[in-house]
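Reader: Got a minute to go through this model with me? Put it up and I'll ask as we go.

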Amino acid sequence: MKTSDATAQAATRAMDTIQRCVDILHDLAAANPAAATATIDALRCYDTPAAEALAWHIERVAEARHGAAQLRRAR
């Protein structure tokens, strides 16, 4: 196998893993407001642009699912 093929396969596997992780976080946020706020707060602890972007996305999902008022009460 060529190095470029191996690199492409590794990148594909990494993207698949990231997508599975995002799906899990999405499911957690949809489960209940407490899980959503815990997930958001944990992501923000990383203090990176990628984690902040994911926290923002998860927060929008949770707001759509549970409502902003429920999220505020869960904090």
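Author: Here is a short chat about the core, a helix pair and one loop residue.

Author: It's a predicted model, so to speak plainly: local features need pLDDT of at least 70, side-chain atom pairs count only at pLDDT 80 or more, and totals for chains, interfaces and linings use all residues. Residues are numbered from 1 along each chain as its sequence is written, and side-chain values use heavy atoms, leaving out hydrogens and water.

Reader: OK, which residues make up the largest nonpolar core?

Author: Eleven residues: Leu25, Ala29, Ala36, Ile40, Leu43, Leu54, Ala55, Ile58, Val61, Ala62 and Leu71. Core here means buried Ala, Val, Leu, Ile, Met, Phe, Trp, Tyr and Cys joined through side-chain atoms within 4.5 Å, with buried being under 20% relative accessible area, exposed over 50% and partly exposed in between (1.4 Å probe, protein chains only).

Reader: Which helices supply at least two residues each?

Author: H1 (3–31), H2 (33–45) and H3 (49–66); H3 gives the largest share, five residues. Helices are DSSP runs (H or I, at least four residues), numbered from the N terminus.

Reader: And what does Leu71 touch?

Author: Beyond neighbours within four places in sequence, Leu71 contacts (heavy atoms within 4.5 Å) Pro33, Ala36, Thr37, Glu59, Ala62 and Glu63.

Reader: Switching topic: where is Asp47, and what's its phi?

Author: Asp47 is in the loop between H2 and H3, with a positive phi of about 55 degrees, though not a glycine. Most residues other than glycine have a negative phi.

Reader: Is Asp47 buried or exposed?

Author: Asp47 counts as exposed because its relative accessibility is 70%.
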